[in-house]
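Dear colleague,

I am handing over the structure below, and after it I set out what was found. Please keep it open while you read, so that you can follow each point on the screen.

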Amino acid sequence: CDKELSKTETSKDDKTDKVKELSAEISKLSGTIQELMEEIGDAQKMIAKITEFMKKATEIRETGTKENALAIKDAEEAQNAVADATSVLETFYKDSGMIEKEP
């Protein structure tokens, strides 16, 4: 009976030590989980900022594209107006004899 009692006591001590080890491991892992949760939160905030920045950058590019299209249209219209004015002036000066007419 003493032998069984000794075995039981040894087994109980071993299991108590194992429980302490596992409790320490759980505590350590709980701390690690908390740190990772904070890192995840920080990463999500950074992603939100990047997403907002990308949205603003896209809006700026779209506005720039529209402005460039209008500038190109204005430049083409101005180029056509200058060509028309040049044609009118050439005709006028050729008719007045101030420049030679082309054969």
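The protein has 1 helix and 0 strands, and please bear in mind from the start that this is a predicted model. The helix, α1, has 95 residues, which at 1.5 Å a residue should span 141 Å, and its end C-alpha atoms are 138 Å apart, which agrees with that expectation.

The overall dimensions can be read alongside this: the C-alpha trace spans about 140 × 25 × 15 Å along its principal axes. A compact globule of 103 residues would have a radius of gyration near 13 Å, whereas the protein has 43 Å. Of the 103 residues, 1% count as buried, and the accessible surface comes to about 9,700 Å², with 60% of that area belonging to carbon and sulfur atoms.

Now please look at the end of the helix. α1 covers residues 2-96, and M98 lies in the segment after it, while G97, which follows α1, has a positive phi, near 85 degrees.

Which residues form a nonpolar patch on the surface? They are L89, F92, Y93, M98 and I99, and together they have about 510 Å² of accessible area. Within this patch, M98 counts as exposed because its relative accessibility is 62%, and the cut-off for that class is over 50%. Y93, by contrast, has a relative accessibility of 33% and therefore counts as partly exposed.

Two members of the patch also bring us to the aromatic rings, for which the count comes to 1 pair. The rings of F92 and Y93 have their centres 5.1 Å apart and their planes at 75 degrees, so this pair is edge-to-face, the cut-off for that class being over 60 degrees.

With best wishes

Key. Residues numbered from 1 in each chain as written. Predicted model: local features only at pLDDT ≥ 70, side-chain atom pairs only at ≥ 80, totals over all residues. Heavy atoms only, no water. Patch = residues over 30% accessible without salt bridge, like charges linked within 9 Å, V, L, I, M, F, W, Y side chains within 5 Å. Areas by Shrake-Rupley, 256 points an atom, 1.4 Å probe, with all protein chains shown as cover. Salt bridge = Lys/Arg side-chain N within 4 Å of Asp/Glu carboxyl O. Helix = DSSP H or I, 4+ residues; strand = E, 2+ residues; numbered from the N terminus. Buried < 20%, exposed > 50% of the residue type's maximum accessible area, 1.4 Å probe, protein only. Phe/Tyr/Trp six-rings, centres within 6.5 Å; stacked < 30°, edge-to-face > 60°. Rg over C-alpha atoms; globule rule 2.2 N^0.38 Å. Expected span 1.5 Å × (residues − 1).
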